[in-house]
Amino acid sequence: MSEPETASGMPPISETGRMTGFSDGVFAIVITLLVIELQVPDHAPGELLHALIEQAPAYLAFLLSFGYVGVLWLNHRTLLRLVCGTTVGLNWINL
């Protein structure tokens with residue numbers, strides 16, 4: 001399906017605010033889903049530190065994933081600051 005054209009023959013351009021908000025929401029959901037894997041370990045009284053050390057790989061995976069998603073979000077925000085407006089095509093690419 002082609003985009004409707006304006007009188008100048010160019011596709012209509014709208015502001016990037018809604019696209020930025022949608023993308024920020026998606027990144028927020030992704031980061032929230034990362035936390036679901038973290039659980040309070042079962043432990044005996046006085047053994048919490050040992051139980052947390054046993055779960056260190058899960059915490060390391062969370063930190064690495066959080067950092068990776070954070071870098072993607074920062075790059076996406078920087079890219080969208082350079083975009084003056086959006087079209088239907090750019091919205092689909094962003095999706």
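**View 1. The whole chain, and how much of it is buried.** A residue counts as buried when its relative accessible area is under 20%. In this predicted model, 15% of the 95 residues of the protein chain meet that mark. The accessible surface of the protein chain comes to about 7,500 Å², and carbon and sulfur atoms hold 69% of that area.

**View 2. The elements, end to end.** Follow the protein chain from the N terminus and you will meet α-α-α-α, that is, 4 helices and 0 strands. Take contacts between residues at least 6 apart in sequence: 68% of these join residues at least 24 apart.

**View 3. Helix H1 against helix H3.** Here H1 (residues 17–36) packs with H3 (residues 56–82), their axes 10 Å apart and at an angle of about 175°. Angles over 145 degrees count as roughly antiparallel, and H1 and H3 are therefore roughly antiparallel to each other.

**View 4. The residues where H1 and H3 meet.** On the H1 side, look for residues including Met-19, Phe-27, Ile-31 and Leu-34. Their counterparts in H3 include Phe-62, Phe-66, Trp-73 and Leu-80. Asp-24 in H1 and Arg-77 in H3 are also among the residues of this contact. Sorted by class, the contact of H1 with H3 has 12 nonpolar, 4 polar and 2 charged residues.

**View 5. A close look at His-50.** This residue sits in helix H2 (residues 48–54). Is His-50 buried or exposed? The answer falls in between: His-50 is partly exposed, because its relative accessible area is 46%. Its side chain makes a polar contact with the side chain of Glu-54, at 2.9 Å.

Key: Residues numbered from 1 in each chain as written. Predicted model: local features only at pLDDT ≥ 70, side-chain atom pairs only at ≥ 80, totals over all residues. Heavy atoms only, no water. Axes fitted to C-alpha atoms, helices over the stretch in contact; angles between N-to-C directions. Helix = DSSP H or I, 4+ residues; strand = E, 2+ residues; numbered from the N terminus. Parallel < 35°, antiparallel > 145°, perpendicular 65-115°, else oblique. Contact = heavy atoms within 4.5 Å. Nonpolar A, V, L, I, M, F, W, Y, C, P; charged D, E, K, R; others polar. Buried < 20%, exposed > 50% of the residue type's maximum accessible area, 1.4 Å probe, protein only. Areas by Shrake-Rupley, 256 points an atom, 1.4 Å probe, with all protein chains shown as cover. Polar contact = N/O pair within 3.5 Å; in protein donor to acceptor, adjacent residues only side chain to side chain.
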